[in-house]
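Biologist: I should like to learn how a ligand site and a sheet are read from a model. Could we take them in turn?

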Amino acid sequence: MAAKAAKGATDGERPEEAYDATPFLPEAERRTSGNAGLRALREAASGCRGCPLHENATQTVFGTGDAHARVFLVGEQPGDQEDRKGAPFVGPAGRMLDRALDEVGIDPAQTYVTNAVKHFKWAHEEGRGKRRIHKPPTLREMTACGPWLAAELALTEPEVLVVLGATAGKALFGSSFRVTKERGSCTEREVHGRTELVVPTIHPSAILRADDQDEVYGGFLADLRVAARVLE
Ligand code: URA
């Protein structure tokens with residue numbers, strides 16, 4: 001799995017503008033480590049204007065968890081509730097994730113949870129009132145936001161990277177990433193001289209959308225158990 005950005009739709013993009021979070025990150029030589037380093041990153045990310053998604057979002061939703069967490073979980077982007085509360089996975093998908101982590105024995109204190117894209121992308125549903133409907137991020141938006149994800153990974157140096165769904169996989173490994181093919185596997189990757197294990201699985205919201213939720217949830221648990229075993 002090569003580390004490059006995915007191809008995707010170009011929904012709502014502005015071709016004339018450069019999309020890139022890099023100018024908003026603290027300079028590499030000024031970055032500190034540990035939780036202080038994470039706090040500094042989070043604060044810098046709160047002012048990110050690296051792409052137009054900040055314009056419609058309430059706030060930047062940065063990752064949460066300890067800098068020394070052993071497991072790093074990455075989803076797609078904040079949803080409606082995450083946008084309002086300012087924390088990742090605090091809505092229905094987050095409750096599904098919490099339940100599954102508990103069931104496979106992954107301690108939340110050992111996790112760092114974040115998203116590939118740090119702002120909620122949404123539109124009003126045509127003719128159906130004021131509900132804000134999530135829209136998937138484009139390649140350019142994912143690529144623009146990539147430096148935040150890379151900085152979070154570099155700082156936390158997790159043992160296990162759990163990739164939640166296709167968007168996170170494509171943001172990390174490129175457009176050839178297929179969650180259906182990769183899920184439940186455990187692949188070593190070398191990053192800056194250290195080894196990290198990558199365990200892809202489905203996005204927890206896929207369970208909420210499924211006709212047979214029990215079966216899809218069972219598959220999610222099986223994938224997460226691969227990560228849990230590494231931690232034993
Ligand atoms: N879906 C995601 O991918 N991330 C969240 O934080 C919430 C829902």
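Modeller: The discussion below turns to the ligand and then to the sheet. Please note that this is a predicted model.

Biologist: Which residues surround the ligand?

Modeller: A residue belongs to the shell if one of its heavy atoms lies within 4 Å of the ligand. Here the shell consists of Gly-75, Glu-76, Gln-77, Pro-78, Gly-79, Glu-82, Pro-88, Phe-89, Asn-115 and His-203. Sorted by class, these comprise 3 nonpolar, 5 polar and 2 charged residues.

Biologist: Which polar atoms of the protein does the ligand approach, and at what distances?

Modeller: A pair of N or O atoms within 3.5 Å is taken as a polar contact. A ligand nitrogen lies 2.9 Å from a polar backbone atom of Gln-77. The side chains of two residues also take part: an N or O atom of Asn-115 is 2.7 Å from a ligand nitrogen, and one of His-203 is 2.6 Å from a ligand oxygen. Of the 230 Å² of accessible area that the ligand has on its own, the protein covers 91%.

Biologist: Where does the ligand sit?

Modeller: The ligand occupies the largest pocket.

Biologist: Let us turn to the sheet. In what order do the strands run, and which are the edge strands?

Modeller: The open sheet has 6 strands in the order S1-S3-S2-S6-S8-S7, with mixed pairing. Its edge strands, S1 (64-65) and S7 (187-191), each pair on one side only.

Biologist: How does S7 pair with S8?

Modeller: S7 and S8 (residues 194-201) are antiparallel, with 5 bridges between them. Thr-187 stands opposite Val-198 of S8, and Arg-189 has Glu-196 of S8 as its bridge partner.

Biologist: What is found in the hairpin of these strands?

Modeller: The hairpin of S7 and S8 has 2 residues between the strands, and His-192 takes a positive phi near 45° there.

Terms used. Residues numbered from 1 in each chain as written. Predicted model: local features only at pLDDT ≥ 70, side-chain atom pairs only at ≥ 80, totals over all residues. Heavy atoms only, no water. Polar contact = N/O pair within 3.5 Å; in protein donor to acceptor, adjacent residues only side chain to side chain. Areas by Shrake-Rupley, 256 points an atom, 1.4 Å probe, with all protein chains shown as cover. 1 Å grid on protein atoms, 1.4 Å probe; cavity = no way out; pocket = protein on both sides within 12 Å on 5 of 7 lines; lining within 4 Å. Sits in = over half its atoms within 2 Å of the grid points. Nonpolar A, V, L, I, M, F, W, Y, C, P; charged D, E, K, R; others polar. Pairing = 2+ DSSP bridges. Helix = DSSP H or I, 4+ residues; strand = E, 2+ residues; numbered from the N terminus.
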